[in-house]
Amino acid sequence: MNTVNLSIFNPTDLVIELDQSTIDRAWLQSQTAGNPASRWQNYLNQVALAVFLPWLQAEEDATAKAQNQSAEQAAIWEVVNGTAIAIKDAKLVLIPSEADDLGELCVPQEWIDLPNWAADYYLAVQVNVDAGYVRVWGYATHQQLKQGSFNQSDRTYSLSDDQLIGDLNALWVARALCPNEVTQAAIEPLPELAPAQADNLIERLGNPAQLLPRLGVSFATWGALLQNPNWFRRLVATRRGVLTKTPVLQWLKQGLSELSTEFGWRQIELSLNAEGSRGAATVDAVVPAFGLAKKLAIAGQPYELKILPLEEAGAWRFELCCLTPGCLIPAGFKLKLLTSELENFDDNEDLATVAVQNLSLEVDLDPGESLVWQVEPTPDDYQQEVLQF
Amino acid sequence: MLPRQDPVEIFSTFIKFDYDRFGGWATDTRLRRSMRQSLTKLAADNPDNFWALYWHQIWQQQPTGLAREHLAAYLQEVCFWSATKTITGFSSSQYTVSDCFQVAIARIDKVLQGFDRERGFNLKSYASITFANLIRELLRQKKEIDICSDWSLLRKLSQKRMIEALLDAGLDSEIIESYVLAWNCLKIVYVPDRPSSTRKLPKPEPETWLAIANLYNQERHTQLKQSKEAATAENLEKWLLICVRAVRSSLFPKLNSLNDKKPGYDTGEIVDSLVGEVDESLLVDMIVREEMEQRSQQHTDINQFLTATIQQLKPEEQKLLELYYALDLKQAEIAQELNTKQYNVSRKLSKVRKELLMALAQWSQSTMHISLTSDILDNISSLLEEWLASHYDSN
């Protein structure tokens, strides 16, 4: 990637260069999205967050962190643009855009008028993946945006470039010198939805053919649905058709050491034993050098589910073990794999008849084949996912 | 270029270009008349600065009147030098100094609106920064637009820019509304299917056009206020190509030459408004004089404070400011000079600027009893940029 010539930007713009691994990682993580528009939205937000957050932590506020867990964040990007960041005593929202002309900052109404979502500052972030940079070129407070123009047809609040504060340094100085400045305007409370009404809406707006669910009903109704985390989760799951794909093999082939995904998978090194017996990879069937692991909580106890590639290409081992030292998996626990159509196949489950060290299953898969995993009893926060190999 | 000396000339003549070079000064007779008339009424010790502030004050009351033209005349050299300096930062720009000059001076309203008469140092230094930023952005954008295929270009625009381009192309609001919806539908349906190389998106396939048309026909009921007629895939393709053409031609519009008629030229209105302006001139004169007095004290204070603050910075920070503002080096050149990465230069510059902004804000709070808000910090930040530019310029 070319080095960005910083002299072509205005002196108060914050320009951060993008490297190829950031782009690759963001792209992979965006693949769980339900449709191409959501995927692209997810990708741009991932890129913006991946470069801005480390900069923020290094330069201004070591405590800064993404406001939402990655699963919630991905759910938001499924339907709304923007990423919330919590700093010491305020909340920022990044509004990424591909627009190159920096004409205006357009903030979706959700980030302004939903009480749980509203923030103090909104940052205009230009993402140009081809030129290899992310640029923060202005910002505004909630109050300023609320006084800006409101576009009814796409439900956004916007301010033009000359109404924005161009120098991001002004934000940090404001936090230091006038921390009590009122940044937020008053917000109207939203009506409550009856559960039956919510079910109805989830069915209707959950239809993936509805490309703009946020504009499908009145804002008050839509907002009330989003404010309830359970309803929101169900809406997004319905839109994705429940079967969200996790591209296991693709992730492992890329060898991303800091991979952390929406479903909580992280990359792990294979143990020496497994590594030692590894033969040279054949040309077209490379055996990954890493495995994946995710933490599960079952009845309040921590467990870990691992997916490990075996010596032979296409052979995989699934393993469930307990994370507390000395702990065993109680009798009655079951690890189970299903086809992507949720059908059983031979030797697809391992049941603990007595307390055991671990439960495990080994499978041979063709490239592109998919599986769904289940554990009984069902882990807390279990979300059905399709693992693609 | 021979600098203009006489106040009448400074406020009534415009640069003539001889291809890409300065080719002399052209007089606008109506501005000359207006300036002469004003000079018989008022006299000033510091004519340059006085008349700039005077016309700015009048411009605020009558944004489209003669005052704007006087100020455009006044800022000719500044704009010319900003164009000359900025264009050298771009390799292989197909645009000439004259192109950049024309585009920048046409956007003079941005300078006039942004200038803070109460606190700003002087209109020229503010204009110099604003013109340079404007030209830099335009050149960069133009470059990006030229690289992009038609279909990628459509993803690179803000809605505001799209609407402006369509208005420039002379379309009416009903059509613009439909086109903007069509454009938004395209952006939702036709997204890149890979993480980079998004500047060369090909024309959408027929089934993609159908999907765009479906979305359009679904959304038109709620999103359109005027004509809610259905559209076909063929309609949409045609409309979006019109959008592309409008955008490509709107960034560097063909400007009317200065010898062309200006709005209101030669009509009776001008004479009437001239009379009005002169009647008001005494009042404006009073305001401007009072402001100048206050400002001059304020400027001395700020100047002293910032000069002292800079002297307390670390030597390498002082050096950095000097290389950037006084020598106008590019960041890559500074990096070479300081034996570091370009990336570090921009970080350090931003840090030093923040330090100065913090100091100046605190100082304004305690000595001028200004209660700080985000908006005021925004003003202080541009004031600081202006001061840095003029401070290092004069050194």
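Visitor: Let's start with chain B: what does its secondary structure come to?
Guide: This is a predicted model, so take everything here as computed from it. The C-alpha trace of chain B spans about 70 × 65 × 45 Å along its principal axes. As for secondary structure, chain B comes to 18 helices and two strands.

Visitor: How much of chain B counts as buried?
Guide: Start with the contacts: among those in chain B with a separation of 6 or more, 67% link residues 24 or more positions apart. Chain B has 395 residues. The share of them that counts as buried is 36%.

Visitor: Which helix gives the largest share of the side of domain 1 of chain B that touches domain 3 of chain B?
Guide: The domain assignment splits chain B into domain 1 (1–147 + 267–286), domain 2 (150–250) and domain 3 (313–389). The centres of domains 1 and 3 of chain B are 27 Å apart over C-alpha atoms, and their contact takes 10 residues from domain 1 and eight residues from domain 3. On the domain 1 side, four residues come from one helix, the largest share: α8 (residues 123–147) of chain B.

Visitor: And by class, what residues make up that side of domain 1 of chain B?
Guide: We're still on the side of domain 1 of chain B that touches domain 3 of chain B. It's a mixed bunch: three nonpolar, four polar and three charged residues.

Visitor: How are α11(B) and α13(B) oriented to each other?
Guide: Helix α11 (residues 173–189) and helix α13 (residues 233–250) of chain B have axes 10 Å apart, packed at an angle of about 100 degrees. An angle of 65 to 115 degrees counts as roughly perpendicular. So α11(B) and α13(B) come out roughly perpendicular.

Visitor: Into which classes do the residues of that α11(B) and α13(B) contact divide?
Guide: On the α11(B) side you have B:Y179, B:A182, B:W183 and B:L186, and they meet B:L236, B:W239, B:L240 and B:C243 in α13(B). There are no polar and no charged residues in this contact, which leaves eight nonpolar.

Visitor: What about α15(B) and α17(B): by class, which residues has their contact?
Guide: Helix α15 (residues 315–326) and helix α17 (residues 342–367) of chain B cross at roughly 105 degrees, with axes coming within 10 Å, and are therefore roughly perpendicular too. B:E317, B:L320, B:L321 and B:Y324 in α15(B) meet B:K348, B:L349 and B:V352 in α17(B). By class, that contact has five nonpolar, no polar and two charged residues.

Visitor: Moving to the two chains together, which element gives the most to the side of chain A that touches chain B?
Guide: Between the chains, 47 residues of chain A are in contact with 53 residues of chain B. Elements of chain A supplying at least two residues each are β1 (14–17), α1 (20–29), α2 (36–59), β5 (104–108) and α6 (169–177). That side of chain A divides into 26 nonpolar, 10 polar and 11 charged residues. Giving the most, with seven residues, is α6(A).

Visitor: Which are the edge strands of the six-stranded sheet in chain A?
Guide: The sheet is open, its pairing is mixed, and its order is β1-β7-β6-β4-β3-β2 (chain A). An edge strand here pairs on one side only, and in chain A the two that do so are β1 and β2 (65–66).

Visitor: How many residues of β7(A) are buried?
Guide: β7(A) has partners to consider: β6 (residues 121–128) pairs with β7 (residues 133–141) of chain A in the antiparallel sense over eight bridges, and four bridges join β1(A) to β7(A), also antiparallel. Bridge partners include A:Y122 with A:A140 and A:I16 with A:V134. β7(A) is largely enclosed by the rest of the structure, because the buried count is eight of the nine.

Visitor: Which residue in the turn between β6(A) and β7(A) has a positive phi?
Guide: The two strands form a hairpin with four residues between them, and A:N128 has A:Y133 as its bridge partner. The positive phi, about 80 degrees, belongs to A:G132.

Visitor: Last one: is A:E319 buried or partly exposed?
Guide: A:E319 lies in strand β14 (residues 315–322) of chain A and touches A:K306, A:L308, A:N358 and A:S360, leaving aside residues up to four places away in sequence. Buried would take 20 or more C-beta neighbours within 10 Å. A:E319 has 19, so it counts as partly exposed.

Methods
Residues are numbered from 1 along each chain as its sequence is written. Chains are lettered from A and ligands numbered from 1 in the order in which they are written. This is a predicted model: local features need pLDDT of at least 70, side-chain atom pairs count only at pLDDT 80 or more; totals for chains, interfaces and linings use all residues. Domain bounds come from an automatic or database domain assignment. Two residues are in contact if their C-beta atoms, placed from the backbone, lie within 7 Å. Ala, Val, Leu, Ile, Met, Phe, Trp, Tyr, Cys and Pro count as nonpolar, Asp, Glu, Lys and Arg as charged, and the others, Gly among them, as polar. Axes are lines fitted to C-alpha atoms, for helices over the stretch in contact, and angles run from 0 to 180 degrees between N-to-C directions. Angles under 35 degrees count as roughly parallel, over 145 as roughly antiparallel, 65 to 115 as roughly perpendicular and the rest as oblique. Two strands pair if DSSP finds at least two bridges between them. A residue is buried if 20 or more other C-beta atoms lie within 10 Å of its own, exposed if 12 or fewer, and partly exposed in between; C-beta atoms are placed from the backbone.
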